[in-house]
Amino acid sequence: MEQEKTTNNEARLMKGNEALAEAAIRADIDAYFGYPITPQSEVLEYFTNEMPKRHGIVLQAESEVAAINMIYGAAGAGGRVMTSSSSPGISLMQEGISYIASAQLPCLIVNVNRGGPGLGTIQPSQGDYFQATKGGGHGDYHLIVLAPSSVQEMADFVFDAIRLAEKYRNPAMILADGALGQMMEKVVLPQEGSLPKVSKPWATVGKPASRKRNIITSLFIEPEKMEVINLGLQEKYKQIQSEVRYEEIALDDADIALVAFGLSARICQKVVDLGREKGIKVGLLRPITLYPFPKSALNKIADKVNFMLVVEMNAGQMVEDVSLAANGKCPVYFKGRMGGMIPSPEEVFAELMSIIEKQSVTQD
Amino acid sequence: MDVPTTLNGYELIYKKPSTLTEKPFHYCPGCGHSVVHRLLMEVVEEMGIQEQTVGVAPVGCSVFAYDYMDIDMQEAAHGRATAVATGIKRILPDKFVFSYQGDGDLAAIGTAETIHAVNRGENILMIFINNAIYGMTGGQMAPTTLLNQVTSTSPYGRNKEAMGYPIKITELLAQLPGAYYVSRHAVYTVNAVRKLKKAIEKSFAYQKLNRGTCFIEVVSNCPSGWKMTPVESNKWLEANMFPQYPLGDIKIPKD
């Protein structure tokens, strides 16, 4: 049975959280540190079940604060490491994430976003977009942020996120939501052993006589040095822009572009179908990387559509980045639900129709 | 490691360990940090484990510990050194890992990380410098500040009604089954320095046994923060700190 689990690459029916955890084991992570929180506790549970059998380290920390600092230590010691949590827990991790970004340690952080603010609700939300893409903690830094919209991507993006994190020595985040974590879908898991380990000559593994000591730190007390560190980070973020990924659906002839990520993009695919059935030329751009953000792609689309409608499960966060990308070339509208509510395709479509009506009134 | 026994024809009886860098210590005259840094690095040199040792520096006066110790090191956030050390040790279980923290770091903001690292019996050495004050930020009240002790944030003295009691975190930690060796020391006399060095040696040796956490408190002085000369501060240490924080082993291995 165990043998079957690790080598069988047939399609399986899995929860998003479990597919994510199984993919991480197949991505050969050395250690997982985490703390229980709904709606992602299955991740920790999956690791505590599987890691002892599959020679990995799993540790339930005393808090998210401790977990992210264990990640710092373990990543600094050269391990391929990961943690996961949900919104309130990710808030607790922000201090550590800022240190990790400054010390340039590769690691994977997963946020299975739930509704906030505060203790909020355990229902799905995209309310942590700002926190994920703009830094989140103190100082000028960015995570590489990937937004899955299916259980398949919950698994696949583990590999992509680790690859990018190690390529750029930067923390990477998978920003999912409670629905993606909890729902079951068909998934073909990535091959075990298909993500080779990379050399980490900077890691603190014990100083041999042949090299200078390695120091993992985020402390550069002279402002002249701290500015140089910041300039280096900004240069890295510039290079990271080349990793931008997005999906275009029915945009070739579109007059209207929906823009949505994650679960909202799944809903918007239905809206595209509803629109096309009625002869409305509507398409969808789905940012896959939220950082780097597909600015140029959106800017080009803004040239040819009448308007954009951004759909999010929050009060309007990514819409700010879409507006900046559109740069006044077309109107950008927003439709959102908050507090763990998921918009239905029908209500988004109704919003789309009311904008079309208003536009035609203005044009007349 | 080969340690030279002569220098220019003279018998060599004292030298800087090769595991300390060339950088002069920035610590105030009379401060205990330099002595503890040196002892740690003497032990690392004498045991020949420079290549197998990873240290974790704290936030506080010894934030730059890695500037002096010629070993691989990580700088932790305030309070998080033992969580960072846990991460390192789990990835590198065969290496010697130590954390180094002051009283505010270990016994206030990092209390949860401290207690749970010991409770898990992490096979690390935790060094705890207790000078009853936040030294680097300018002498504020620490969790270990004595009753009636005047600091910049207890200007009328620490009063227990409003500010609680000096915490004996070391005794508290010794209660945990994960603690293997717990001992309290000082560096105010030559004899005390020798005893501390023995405790550090033992702790590194115990780490190989994988039986739990070694915890060493060093009751230290802060002449600048206490507004005393180094000699006065050592006297104050004996008269006031030791009654509250008595020196000696608190928990020794049973087998």
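**View 1. The contact between chain A and chain B in the predicted model**. Chain A contributes 33 residues and chain B 29 residues to this contact, where two residues are in contact if their C-beta atoms, placed from the backbone, lie within 7 Å. On the side of chain A that touches chain B, at least two residues each come from β2 (31-34), β3 (57-60), α4 (64-76), α5 (87-103) and β9 (215-216) of chain A. Helices (H or I, at least four residues) and strands (E, at least two) are DSSP runs, numbered from the N terminus. The largest share, eight residues, belongs to α4(A). This side of chain A comprises 16 nonpolar, twelve polar and five charged residues; Ala, Val, Leu, Ile, Met, Phe, Trp, Tyr, Cys and Pro count as nonpolar, Asp, Glu, Lys and Arg as charged, and the others, Gly among them, as polar.

**View 2. Strand pairing between β9(A) and β4(B)**. β9(A) pairs in the parallel sense with strand β4 (residues 72-75) of chain B over two bridges; pairing requires that DSSP find at least two bridges between the strands. Within β4(B), B:Gln74 stands opposite A:Ile216.

**View 3. Domain 1 and domain 2 of chain A**. Domain 1 spans 2-242 and domain 2 spans 246-363, with bounds from an automatic or database domain assignment. Their C-alpha centres lie 29 Å apart. In the contact between them, 27 residues of domain 1 meet 22 residues of domain 2. α6(A) gives the most to the domain 1 side, with four residues.

Residues are numbered from 1 along each chain as its sequence is written, and chains are lettered from A in the order in which they are written. In this predicted model, local features need pLDDT of at least 70, side-chain atom pairs count only at pLDDT 80 or more, and totals for chains, interfaces and linings use all residues.
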